[in-house]
Amino acid sequence: RPLVREAFKGLEAIGVIEARKGVGRFVRAFEAETYLNHFTTQMLIQRFSERELIETRCLLEVSLAADAVARLTDEDLDEIHRLWEAISADTAAGVTSLAADLGLHRVIMSRAENRLIVAMLDAVYALAAGRARDDAYGLDKLTEDFAQHEAIVRAALARDGIAVRNA
């Protein structure tokens, strides 16, 4: 019993189960953000290299980009346009806009049919945000990212999933 009780406490701490007093314990819906918040982000960040995060993100995004773009709503396109304006303004000011960057990708990928991949991407985005540094972007990298995002945005607004995947 003590071992099972401790196991339940651990699962409850990471948000996998929910205890209801006098009723019992129940499995909760998996939420990557809740799960990651219960672990030491620093430990995860140190465990994976930047290359591993980028490769994982690319692999997951590329696998479902065309499918996700096909499901974008008019509201999604409005949000993509708003985020693009934020990215453009920040780039013109010589700074990176990580929140708008990840927001753009989240809007697009949130429409993918595979919920597990969407949850995995959210975890990768959270790790990338936790690792980000203000001084990590030089002008060359900022210009390159801007051009890549511009291609993604143009293709998404045109609802061209193949072009988004290629970009």
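This passage walks through a predicted model of a protein chain, taking in its confidence, its helices, its cavities and its salt bridges.

A first look at confidence helps in reading the rest. Across the protein chain the mean pLDDT is 84, and 86% of the residues come in at 70 or more. That confidence is not spread evenly: helix 5 has the highest mean, at 94, while helix 3, covering residues 41–47, has the lowest, at 60.

At the start of the chain sits helix 1, made up of the twelve residues 2–13. From first C-alpha to last, helix 1 reaches 16 Å, close to the 16 Å expected at 1.5 Å a residue. Just after this helix comes Gly15, which takes a positive phi of about 80 degrees.

Next, the inside of the model. The count of cavities of 30 Å³ or more comes to two. The largest cavity has a volume of about 90 Å³. Ten residues line this largest cavity, and the closest to its centre are Ile87, Thr96, Ser97, Asp145 and His149. Helix 5 (74–92) and helix 8 (139–157) each give at least two residues to the lining. Helix 8 has the largest share, with four residues. Sorted by class, the lining of the largest cavity is a mix of four nonpolar, four polar and two charged residues.

Leu98 belongs to helix 6. With a relative accessible area of 27%, Leu98 is partly exposed. Leu98 and Ala128 are 30 residues apart in sequence, yet their C-alpha atoms are 9.3 Å apart in space.

Then there are the charged side chains. Side chains of opposite charge can pair when their charged atoms come close. In this model the count of salt bridges comes to twelve. One of them joins the side chains of Arg57 and Asp101, at 3.4 Å from N to O. Arg57 lies in helix 4 (residues 50–70) and Asp101 in helix 6 (residues 98–109), so this salt bridge ties together parts of the chain that are 44 residues apart in sequence. Both Arg57 and Asp101 are buried. The pair also has company, as Arg57, Glu61 and Asp101 are linked in a network of salt bridges.

Another salt bridge brings Arg159 together with Asp74, with the closest N and O atoms 2.8 Å apart. Here, too, distant parts of the chain are linked: Arg159 is in the loop between helix 8 and helix 9 (161–166), whereas Asp74 is in helix 5, and the two are 85 residues apart. Neither partner is buried: Arg159 is partly exposed because its relative accessible area is 37%, and Asp74 counts as exposed because its relative accessible area is 52%. Helix 5 thus turns up in two settings, holding Asp74 of this salt bridge and supplying at least two residues to the lining of the largest cavity.

A further pairing is between Asp67 and Arg71, whose closest N and O atoms are 2.2 Å apart. Asp67 is partly exposed, at 25% relative accessibility. Arg71 is partly exposed as well, with a relative accessible area of 32%.

Technical notes
Residues are numbered from 1 along each chain as its sequence is written. Side-chain values use heavy atoms; hydrogens and water are left out. On a 1 Å grid over the protein atoms alone, a cavity is a set of points where a 1.4 Å probe fits but cannot get out, and a pocket is an open set with protein on both sides within 12 Å along at least five of seven lines; lining residues have an atom within 4 Å of a point. Grid points are joined across faces, edges and corners, and a volume is the space filled by probe spheres set on the points. Ala, Val, Leu, Ile, Met, Phe, Trp, Tyr, Cys and Pro count as nonpolar, Asp, Glu, Lys and Arg as charged, and the others, Gly among them, as polar. A salt bridge is a side-chain nitrogen of Lys or Arg within 4 Å of a carboxyl oxygen of Asp or Glu. Buried means under 20% relative accessible area, exposed over 50%, partly exposed in between (1.4 Å probe, protein chains only). pLDDT is the predictor's confidence in each residue, from 0 to 100. The expected span of a helix is 1.5 Å times one less than its number of residues.
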